[in-house]
Amino acid sequence: MNDSRDLHPFRTLAGEPGPAAPPPLVTPMDEAQSLREEAERGLLFTRVESAVNWAVNQARANAIWPLGFGLACCAIEMMAIAGPRFDISRFGAEVFRGSPRQADLMIVAGRVSIKMAPVVRQLYEQMPDPKWVISMGACASCGGVFNNYAIVQGVDQVVPVDVYVPGCPPRPEGLIFGIMKLQEKILESKPELGPIVKPRRVGAA
């Protein structure tokens, strides 16, 4: 008596294939439904407001201009992200500006002293809206090891902070990750666009 296993010496652990599954049932559609389904495959239905918000958020998130401003040793790590090894230009945030009036991101890199706090606040107020702040390092976030009367115990007492980057000092990869988190926050936000004021014609009632 010949066993079927003798005919297949190179057996596998998988069992023999069973019967094929029946094809899924397809409900017939009338001509109007078929035309609508064919048209919706290449169409995107949305509102003008949603499309404008999406475009504005994409532009803001992928064209961040940080302020070239450092306070302590964390500024060395901040400068490193613009170099060829880390290349922050991949994320569209390599244009460090020398003036706060041209920047929209303040990276507080280092400890903030009591004397420096008014300067940080003034630079923040000179930045145009919308603007964001990254607190880089333990000293900027909570004072770090400088728990004394001369250092501000957290830059959030001076300016509003959007993203905290821990470390003493944090690696450039940590700051890049913080910028990526800020981009996610920008993409999820609702841009505030002012009303379009139409000029009045002379003599109009």
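## Contacts, sheet and cysteines in a predicted model

Ile-88 is in contact with Ile-81, Ala-82, Ala-93, Glu-94, Ile-176 and Ile-179, when neighbours within four places in sequence are left aside. The model is a predicted one. Ile-88 belongs to the loop between helix 3 (74-80) and strand 1 (105-109). Because its relative accessibility is 0%, under the 20% limit, Ile-88 counts as buried. Across the chain, the C-alpha atom of Ile-88 is 9.5 Å from that of Pro-172, although the two residues are 84 apart along the chain.

Asp-87 also lies in the loop between helix 3 and strand 1. Its phi is positive, about 55°, although Asp-87 is not a glycine. Most residues other than glycine have a negative phi. Asp-87 is partly exposed, with a relative accessible area of 28%.

### The sheet and helix 6

The model contains an open sheet of three strands in the order 1-2-3, with parallel pairing. Strand 1 and strand 3 (163-165) stand at the edges; each has a single partner strand, so one side of each is left without a neighbour in the sheet. On average, neighbouring strands of this sheet are turned by 20° against each other, direction ignored. Strand 1 and strand 2 (residues 132-136) run parallel and are joined by five bridges. Opposite Leu-105 stands Trp-132 in strand 2.

Helix 6 lies across strand 1, strand 2 and strand 3, and runs at about 155° to strand 2.

Helix 6 spans residues 172-188 and includes Gln-183. Is Gln-183 buried or exposed? With a relative accessible area of 10%, Gln-183 is buried. Not counting residues up to four places away in sequence, Gln-183 touches Ala-61, Asn-62, Ile-64 and Phe-91. With Ala-61 there is also a polar approach: a polar atom of the Gln-183 side chain lies 2.9 Å from the backbone oxygen of Ala-61.

### Cysteines

How many disulfides does the structure hold? The structure holds zero. A disulfide is a covalent bond between the sulfur atoms of two cysteines. The cut-off used here is 2.5 Å between the sulfur atoms. For Cys-73, the closest cysteine sulfur is in Cys-74, at 5.0 Å, which is too far for a bond. For Cys-139, the closest cysteine sulfur is in Cys-168, at 5.0 Å, again too far for a bond. As for accessibility, Cys-73 is partly exposed, with a relative accessible area of 48%, whereas Cys-139 is buried, with a relative accessible area of 12%.

### Cis peptide bonds

Most peptide bonds are trans. The table lists two cis bonds, each leading into a proline.

| Cis peptide bond | Omega | Place of the proline |
|---|---|---|
| Asp-129 to Pro-130 | near -5° | Pro-130: loop between helix 4 (117-126) and strand 2 |
| Cys-168 to Pro-169 | about -15° | Pro-169: loop between strand 3 and helix 6 |

Cys-168 thus appears twice in this report: its sulfur is the closest cysteine sulfur to that of Cys-139, and a cis peptide bond joins Cys-168 to Pro-169. Pro-169 is in the loop that leads from strand 3 to helix 6, the helix that lies across the three strands.

Methods
Residues are numbered from 1 along each chain as its sequence is written. This is a predicted model: local features need pLDDT of at least 70, side-chain atom pairs count only at pLDDT 80 or more; totals for chains, interfaces and linings use all residues. Side-chain values use heavy atoms; hydrogens and water are left out. Helices (H or I, at least four residues) and strands (E, at least two) are DSSP runs, numbered from the N terminus. Buried means under 20% relative accessible area, exposed over 50%, partly exposed in between (1.4 Å probe, protein chains only). Contact means heavy atoms within 4.5 Å. A polar contact is a pair of N or O atoms within 3.5 Å; within protein, one must be able to donate a hydrogen and the other to accept it, and residues adjacent in sequence count only if both atoms are side-chain atoms. Two strands pair if DSSP finds at least two bridges between them. Axes are lines fitted to C-alpha atoms, for helices over the stretch in contact, and angles run from 0 to 180 degrees between N-to-C directions.
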